[in-house]
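Trainee: I should like to work through this structure with you, one question at a time. May we begin once it is displayed?

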Amino acid sequence: MRSSTLIAFYLWKDTWKRWFEQPGSVLARASVTVLTVGLATLLLVAFSLLERSLKQQLESFGLSSVMINESFSPGHSSAMTRENRFSHMQDWGQWILLRQLYISARLSDGVYISIYSYGKDALLPLAPLLNSENPCILVAPRMPERLTVDVEIEGHTFQAVTRRPLAFLTPVFTNQVLLVPENRFPLHEAMGCVYATLLLANPEGPQLPSIEDRVEAIEEVARLDNTQLNIRSSLDLHKKLKALQDNQLRWRLIMAAVVGTVLSLIFGTISLLEFRQNLFIGALLRSFGTPGRTLFLRTLLENIFIANLFAVLSVVLVALMHGTLFKVFQLPREVVRFSLSAYLSKEIALIFLYVNIGACLSTLPVHFALKKPVGEILS
Amino acid sequence: MNNNTVSFQHIGFRYRPAYPWVLEDFSHTFEPGVHLVKGFSGCGKSTLLRLGAGYLLPSAGCVRVPPFGEAPDAAFQRAFLGFVFQQMNLLPLASLERNLELASSLAGVSGQELALRARKWLTLLGLEKLSQRLPGSLSGGQQQRASIARALVKEPQVLILDEPTSGLDDLNTEVISKAIRDYIGTSRVCIISTHDHRLEKIADEIIDFNRFLPMERHLETLV
């Protein structure tokens with residue numbers, strides 16, 4: 001124990017002396033670490049934030065919702081009736097049908113908004129929004145709840161009650177809309193409308209196909225029916241997310257190779273040069289009976305210490321300059337906004353894994369150099 | 001076999017397979033006592049010493065050392081061997097006392113005994129006032145005495161010295177000779193490689209190494 005302490009103390013002193021005598025070797029290792037880790041942090045954090053932003057979009061749209069818009073005009077002919085068109089898909093979840101009329105309503109502040117009418121079938125899912133006193137609902141995400149406001153339609157003023165949109169309606173109502181009961185404006189309904197059908201899929205349903213299959217099945221129905229459907233679903237977002245995750249994986253591998261290889265080469269070369277400079281001291285210690293693994297451990301700990309210290313510094317620097325750096329690359333707003341959790345994510349843990357693998361690999365040349373017999377060195 | 005001897009049995013050695021042999025079929029047993037190995041530069045004296053210490057591995061044959069008559073290994077180097085190189089014997093960043101403590105603690109000496117032994121050998125070799133100095137601040141003679149103190153502090157069974165008095169004045173040589181002779185007595189083995197005639201008076205055996213491998217015989221012709 002005593003000898004280990006003495007050797008450790010001596011090696012510690014020797015290391016400090018070397019660092020002060022040759023600060024260039026520490027600085028070279030530091031700058032390589034800061035540059036490679038900084039680059040890796042920048043890339044992987046950007047991917048992580050982009051991924052998070054896409055996932056948020058997916059969640060807000062509804063992971064398995066499908067929105068179908070279809071224009072309808074009085075002269076329009078189709079092979080199937082609207083009722084039986086999606087009948088074989090009823091088990092997939094809840095189907096909500098709304099009609100967007102070809103007229104708009106004007107709010108007191110002069111803003112024009114769309115009008116949707118709802119039928120009996122939609123009463124149940126819309127129940128939380130409706131009230132018995134006034135069936136006209138102004139769905140407004142930013143207005144106070146249950147406020148009675150005036151709306152003007154075709155020169156007539158009506159009263160509507162403000163409500164916030166239900167979560168599942170977010171894909172349908174991106175802005176303020178007026179919900180009115182069916183046949184409130186029969187003349188305008190007869191002029192045509194856009195059918196907005198929302199499928200709220202039940203992910204726990206026994207026969208729910210994948211989102212790709214669902215969209216494909218609806219498209220197939222539209223083809224058979226010779227109808228032009230505008231389908232919106234999370235499929236595009238899923239595809240974007242998949243592409244991003246593929247890119248993320250590719251860059252992770254590239255960064256692993258870059259960080260690991262560069263660090264192991266630079267650290268390895270410097271370690272070997274320093275080891276050779278101190279070859280006689282090492283050999284002398286070994287001649288007393290100091291195990292070679294102690295000297296190897298010193299190099300390993302030194303490299304791990306320097307690599308981790310400057311890797312932490314690099315990550316902190318990138319975090320501090322987050323906004324500035326990401327703005328330079330003209331990345332989306334969600335990415336430019338600083339998020340501490342992105343810097344405490346598994347991406348950063350991965351970078352540290354690469355750094356430590358690089359630091360360990362860099363010690364290998366010293367391991368082989370230690371195999372040279374003491375007698376050949378001290379001659 | 002006497003476990004107090006250092007025995008070389010049919011030793012052959014060369015630094016690389018393509019290089020010439022430095023030692024070839026060399027056999028000799030070093031009994032307890034002081035042995036001087038003399039010979040021309042390059043005849044293989046230092047190589048022999050390093051083989052005896054286990055710092056080089058023989059290409060052929062084997063070396064047997066105390067206490068169990070086995071090949072020299074790290075345990076032997078730690079506890080039973082004191083070795084003085086021609087130069088670079090002391091750790092430059094440790095004081096003389098620390099140098100001695102480090103060597104003896106690796107040999108398994110601990111506690112108060114460690115400090116007592118360090119003081120004893122520093123005193124015997126006239127270095128007690130320099131115990132806190134770093135090796136770089138000492139003269140050549142002082143450094144060489146400190147190296148011998150470092151080798152002796154663990155009180156090894158085998159003491160091997162490579163040119164311990166080269167370049168030293170008579171006084172320093174006398175101090176070193178006396179310390180070695182007193183320590184070795186009749187139960188320990190000491191092998192010294194030297195050209196120094198002043199050490200012959202403490203020797204129990206003098207080996208002319210040239211007869212084994214007269215590598216540089218051409219020098220004789222030149223003289």
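Trainee: Not counting residues up to four places away in sequence, which residues does B:Asp196 touch?

Mentor: In this predicted model, B:Asp196 is placed in the loop between strand 7 (189-193) and strand 8 (205-208) of chain B. Its side chain is joined to that of B:Thr165 by a polar contact of 2.6 Å. With residues up to four places away in sequence left aside, the residues that B:Asp196 touches are B:Thr165 and B:Thr173.

Trainee: Is B:Asp196 buried or exposed?

Mentor: Buried means under 20% relative accessible area. The relative accessibility of B:Asp196 is 11%, so this residue counts as buried.

Trainee: Which residue forms a salt bridge with A:Arg18?

Mentor: A:Arg18 is buried, its relative accessible area being 6%. The partner is buried as well, at 7%. The pair links distant parts of the chain, helix 1 and helix 9 (residues 292-320) of chain A, 284 residues apart. With the closest N and O atoms 2.9 Å apart, the residue that bridges to A:Arg18 is A:Glu302.

Trainee: What separates B:Glu113 and B:Arg117 along helix 4 of chain B?

Mentor: These two residues form a salt bridge, with 3.0 Å between the closest N and O atoms. B:Glu113 is partly exposed at 37% relative accessibility, whereas B:Arg117 is buried at 14%. Because they are four residues apart in helix 4 (residues 112-124), the separation is about one helical turn.

Trainee: In which helix do B:Asp182 and B:Lys178 both lie?

Mentor: Their side chains meet in a salt bridge of 2.9 Å, N to O. B:Lys178 counts as exposed, at 52% relative accessibility. The two residues are four residues apart, about one turn of the helix, and both lie in helix 6 (residues 170-184) of chain B.

Trainee: Which side chains meet in the salt bridge between chain A and chain B?

Mentor: Between the two chains, 23 residues of chain A are in contact with 24 residues of chain B. The count of salt bridges there is one. At 3.3 Å, N to O, the side chains that meet are those of A:Glu376 and B:Arg16.

Trainee: Which element gives the most to the side of chain A that touches chain B?

Mentor: The elements of chain A that give two or more residues to this side are helix 1 (2-21), helix 8 (279-288) and helix 15 (374-377). The residues of this side divide into 11 nonpolar, six polar and six charged. With eight residues, the element that gives the most is helix 1 of chain A.

Notes:
Residues are numbered from 1 along each chain as its sequence is written. Chains are lettered from A and ligands numbered from 1 in the order in which they are written. This is a predicted model: local features need pLDDT of at least 70, side-chain atom pairs count only at pLDDT 80 or more; totals for chains, interfaces and linings use all residues. Side-chain values use heavy atoms; hydrogens and water are left out. Contact means heavy atoms within 4.5 Å. A salt bridge is a side-chain nitrogen of Lys or Arg within 4 Å of a carboxyl oxygen of Asp or Glu. Ala, Val, Leu, Ile, Met, Phe, Trp, Tyr, Cys and Pro count as nonpolar, Asp, Glu, Lys and Arg as charged, and the others, Gly among them, as polar. Buried means under 20% relative accessible area, exposed over 50%, partly exposed in between (1.4 Å probe, protein chains only). A polar contact is a pair of N or O atoms within 3.5 Å; within protein, one must be able to donate a hydrogen and the other to accept it, and residues adjacent in sequence count only if both atoms are side-chain atoms.
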